[in-house]
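Open the model in a viewer and set it to show side chains. The stops below follow one another through the structure, each with a selection to make.

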Amino acid sequence: MVHNQGLPYHFFQGTNQKAPILVIYHGWAGSTAGYYELAAELKELGYTVVLPDIIHHDSRGILDNYFDGQIRQRLFWETVFQTVDEFEILLADLKVNRKDILVIGSSMGGFIASSILAKNPEIQGLVNVNGSGAFVVAEEFFRSADGRRRMTSIERSMLEAYDPINYTYSGKPVLLMHGDNDHIVDSSGQYAYYAHCSSPHITFDIYNEVNHQFTDDMVEGLKSWLSKQFGSSGE
């Protein structure tokens, strides 16, 4: 079901009123449709799930080629920043408080979700799959992989304004999952975020022989972590 109010999003109503609402953000070349199955599985476990349409994706405009290096370099961070800023609009549309939400993201969605938690410490927690909670670290990796020049001070400052490791960790539960063979988003950003938070409330799971994928094992890891943190359906 798609709501078109301040922002378009897909809504899956669960039965567990005590559990947080799960807001899930997809990756750079992904779509909300790619998460319908996961949303349905989580709904069956009692969770209410929201899949926001992200700028330059789905109903908000599709790019010609997400794998074009120049397009990605020009629009990736713009997309992350705008989506983080739009979280306020999403809350208003849903008519819920920050404390009712837990954010989940895969790849680019993990960047977005990490920054949302950093800027909104009242929300209940974060799951970051193959993303990064350290934006400057990630951008340095991207530029090295692309053979690009180093960041200017202005470019660095723009990233730092949204970079989760520039914010005090809220102490809310966090699950980080990453493939050990990820060549798209290096795990160094996850390690940097984990070190920054330095808390027993953070679980960091590395999946062996996994590239940039949200695998079935990761999905099971997510479900298990949610159950431990917030209880099973009907509690």
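Select Phe-142: at 11% relative accessibility this residue counts as buried, where buried means under 20% relative accessible area, exposed over 50% and partly exposed in between, with a 1.4 Å probe and protein chains only. Add Phe-141, which counts as partly exposed at 21%. The model is a predicted one: local features need pLDDT of at least 70, side-chain atom pairs count only at pLDDT 80 or more, and totals for chains, interfaces and linings use all residues. Residues are numbered from 1 along each chain as its sequence is written, and side-chain values use heavy atoms, with hydrogens and water left out.

Now widen the selection to the aromatic rings. The whole structure holds 17 aromatic pairs; rings of Phe, Tyr and Trp (its six-membered ring) pair if their centres lie within 6.5 Å, and planes under 30 degrees apart count as stacked, over 60 as edge-to-face and the rest as tilted. Pick Trp-28 and Tyr-66, an edge-to-face pair with 5.5 Å from centre to centre and 85° between the planes. These two are 38 residues apart and link distant parts of the chain: Trp-28 lies in the loop between strand 3 (21–25) and helix 1 (36–44), and Tyr-66 in the loop between strand 4 (49–52) and helix 2 (69–85). Helices (H or I, at least four residues) and strands (E, at least two) are DSSP runs, numbered from the N terminus. Trp-28 is buried, at 8%, and Tyr-66 is buried, at 12%. Return to Phe-141 and Phe-142: their ring centres are 6.0 Å apart and their planes at 55°, so this pair is tilted. Ring pairs link these four residues into a cluster that also includes Phe-81, Phe-135 and Tyr-162.

Centre next on Tyr-162, in the loop between helix 6 (153–160) and strand 7 (174–179). Tyr-162 counts as buried, at 14% relative accessibility. Leaving out residues up to four places away in sequence, its contacts (heavy atoms within 4.5 Å) include Phe-81, Ser-115, Lys-119 and Phe-135. The charged end of Lys-119 sits over the ring of Tyr-162, 4.5 Å from its centre; this requires NZ of Lys or CZ of Arg within 6 Å of the ring centre and within 35 degrees of the ring normal.

Finish with helix 4, residues 108–119. Of its 12 residues, 11 are buried, so helix 4 is largely enclosed by the rest of the structure. Among the buried ones are Phe-111 and Ser-115.

Methods. The expected span of a helix is 1.5 Å times one less than its number of residues.
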